[in-house]
Amino acid sequence: MHHSIELAEVYVRLGNVSVLQGVNIEAKPYEFISIVGANGAGKTTLLKVVNGTLRPHQGKVLVLGRDLSQFRDLNFLRRDIGVVPQTSSSSRVPIRVEEAVLMGRYGKIGLMKKPKKPDWDKAYQSMEAVGIDRFAKKLVYELSGGEQQKVALARALAQEPSILLLDEPTTHLDSSSHSEIMETIHAIHHQRGLTTLLVSHDSQLVEHLSDRIYSLKNGKSHLMR
Amino acid sequence: MSWIQALNYPFMQKALVAICFAGVAFPMIGVFIISLNLIPLRFAMMHIALLGGAIGLFLKIDPMPLGLLFCIMASIALGPVSEKMKLGLGTISGYFMTLTLAFAFILIYKADIHVLQAFSILWGNILSLTSLDLMVVGTLSLTILIVIFLFFKEIQAILYDREIALAVGLPEKAFFYLIIFMLGLTIAVSMRMIGALLIDAFVLLPAMAAVLIGRSLRQIFLFSSVFGLLSGVIGLYLSFLFDIPTSSMIILVASLIIAVCMILRRR
């Protein structure tokens with residue numbers, strides 16, 4: 001079976017700064033892989049490389065068995081990758097939570113087509129899985145940072161992805177909720193048969209949940225466990 | 001002369017029809033401007049149009065078509081150029097705004113053009129619209145409405161967060177460029193109608209009012225159209241009644257609507 005994610009000797013430069021300098025990471029199907037590193041180590045950049053929003057200037061990136069360098073348009077692939085960004089949207093556009101989660105379906109619904117009942121059902125199932133269904137009618141910008149992060153997780157799940165990319169998913173949560181959300185993520189990972197790539201600065205947080213852990217330091221990856 | 005009698009004149013009929021079309025559709029472009037923070041882009045396009053006008057005057061031809069052409073060309077080019085240069089749209093807009101203004105002033109100086117004449121492109125006249133102008137306004141307005149109706153969910157995702165739109169697999173860039181293109185066309189057509197300096201009467205002010213009280217994107221689009229239509233028609237009527245320039249009156253009415261929305265929001 002193809003590896004779900006494979007990065008081989010990946011180099012990324014942003015302006016004059018070399019952010020990734022020969023990163024090698026692989027995640028087999030259904031694995032839970034964590035990447036730990038300090039702030040500024042290039043963790044977010046690495047996730048952007050995996051979902052194709054950032055092209056490396058050197059190295060090979062295979063996602064679901066496809067070499068990303070062979071495709072100009074990667075939208076078809078992104079529909080199979082759920083992304084939970086570190087920062088919540090700063091938008092002041094009034095969008096209800098249920099609408100923000102439903103957006104996870106938009107890529108799969110297709111252009112000019114309206115969301116149908118099964119799409120709404122999937123959005124509500126995702127909100128229930130993350131525990132935000134009681135906020136469904138609230139506006140996203142009225143929620144706390146932690147709640148908005150859960151909205152992002154629910155949106156990624158509504159996408160029904162094969163791969164889930166999580167960028168510091170506990171950033172906006174109080175410390176008592178850290179392990180709770182991590183357990184939720186881990187349970188969803190198993191229930192839905194996902195391949196999960198999580199980046200965090202906190203190695204203790206991911207220690208017992210991960211199949212493998214990489215560290216990212218000075219732009220280079222090292223297999224820790 | 002009464003209002004009804006005035007409406008017997010073709011120029012008043014054309015003005016009213018154009019205001020109805022533009023009043024309904026153009027404020028929706030204002031919603032894009034506010035949500036995506038495209039204010040610098042709007043300024044850049046106005047100044048690029050001024051350069052087109054200055055070239056027209058330099059060549060001793062009608063400055064308006066060249067101004068509009070430059071505006072449309074900018075709406076096609078600015079998005080991809082900012083992408084290629086890896087500079088934000090605001091930055092690249094600032095660059096082109098100052099550069100085109102500098103060229104316009106050089107042309108105006110060298111050709112010994114009267115400054116007021118050069119700036120004539122910044123003032124339009126809604127009472128001098130031709131049948132062709134009316135067709136252009138109508139076609140553009142219908143196009144804006146159809147695009148928003150057909151691609152509402154894609155537009156909703158992009159206005160909410162472009163990165164999210166991209167992450168869920170939407171052709172975010174194509175839609176963003178389409179929005180910029182529609183913005184350029186709207187500015188070009190508005191310049192012909194009411195002049196570059198008063199574009200906000202139709203484009204931005206009704207959208208600002210709608211954003212103040214709208215509780216969903218659908219409501220914002222709907223309110224912006226209603227406010228655009230109201231300020232346009234009432235503004236035209238009051239300008240006739242008090243013998244005041246139409247675009248200025250439309251702005252006063254739109255500003256009053258904003259003030260009312262501010263009060264409603266605070267309650």
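In the predicted model, six strands of chain A make up an open sheet with mixed pairing, and their order is β6-β7-β8-β3-β9-β10. The two edge strands of this sheet, each paired on one side only, are β6 (81–84) and β10 (220–223) of chain A. From one strand to the next, the twist averages 20°.

Within this sheet, strand β7 (residues 163–167) and strand β8 (residues 195–200) of chain A run parallel and are joined by 5 bridges. One of the residue pairs places A:Asp167 opposite its bridge partner A:Val199 in β8(A). Helix α5 (residues 145–158) of chain A packs on the sheet, where it touches β6 and β7 of chain A. The direction of α5 makes about 180° with that of β6(A). A further helix of chain A, α1 (residues 43–50), lies across β3 (32–36), β7, β8 and β9 (212–217). This helix, α1(A), runs at about 155° to β8(A).

Towards the β10 edge, the pairing is antiparallel: 4 bridges join β9(A) to β10(A). Among the residues involved, A:Ser215 has A:His222 in β10(A) as its bridge partner. The two strands β9(A) and β10(A) form a hairpin, with 2 residues between them. In the turn of this hairpin, A:Asn218 has a positive phi of about 50°, and A:Asn218 is a residue other than glycine. A:Asn218 has 10 other C-beta atoms within 10 Å; a residue with 12 or fewer counts as exposed, so A:Asn218 is exposed.

A separate paragraph is given to the four-stranded sheet of chain A. This open sheet has the order β2-β1-β4-β5, and its pairing is antiparallel. Strands β2 (17–27) and β5 of chain A stand at the edges; each has a single partner strand, and therefore one side of each is left without a neighbour in the sheet. Strand β1 (residues 5–14) of chain A pairs with β4(A) over 5 bridges, in the antiparallel sense. In this pairing, the bridge partner of A:Glu6 is A:Leu62 in β4(A). Helix α1(A) packs on this sheet as well, touching β1, β2 and β4 of chain A, in addition to lying across β3, β7, β8 and β9 of chain A. The direction of α1(A) makes about 120° with that of β1(A).

The loop between β4 (58–63) and β5 (66–67) of chain A contains A:Leu64. Like the turn residue described above, A:Leu64 is a residue other than glycine with a positive phi, here near 50°. A:Leu64 has 15 other C-beta atoms within 10 Å and is partly exposed.

In chain B, helix α3 (residues 39–58) has 20 residues. At 1.5 Å a residue, this helix should span 28 Å, and its end C-alpha atoms are 29 Å apart, which agrees. Of the 20 residues of α3(B), 15 are buried, so the helix is largely enclosed by the rest of the structure. The helix α3(B) is followed by B:Lys60, which has a positive phi near 60°. Another helix of chain B, α7 (residues 131–150), contains B:Thr143. This residue, B:Thr143, counts as partly exposed, with 13 C-beta neighbours inside 10 Å. In sequence, B:Thr143 and B:Tyr95 are 48 residues apart, and in space their C-alpha atoms are 30 Å apart.

The two chains meet through 21 residues of chain B that are in contact with 23 residues of chain A. On the side of chain B that touches chain A, the elements giving two or more residues are α8 (152–160) and α9 (162–167) of chain B. Of the elements on that side, α8(B) gives the most, with 5 residues. By class, the side of chain B that touches chain A has 12 nonpolar, 4 polar and 5 charged residues.

As for the confidence of the prediction, the mean pLDDT of chain B is 89. In this chain, 96% of the residues reach 70 or more. For the complex, the predictor gives an ipTM of 0.91 and a pTM of 0.90.

Conventions:
Residues numbered from 1 in each chain as written. Chains lettered and ligands numbered in written order. Predicted model: local features only at pLDDT ≥ 70, side-chain atom pairs only at ≥ 80, totals over all residues. Pairing = 2+ DSSP bridges. Axes fitted to C-alpha atoms, helices over the stretch in contact; angles between N-to-C directions. Contact = placed C-beta atoms within 7 Å. Nonpolar A, V, L, I, M, F, W, Y, C, P; charged D, E, K, R; others polar. pLDDT = per-residue confidence, 0-100. Expected span 1.5 Å × (residues − 1).
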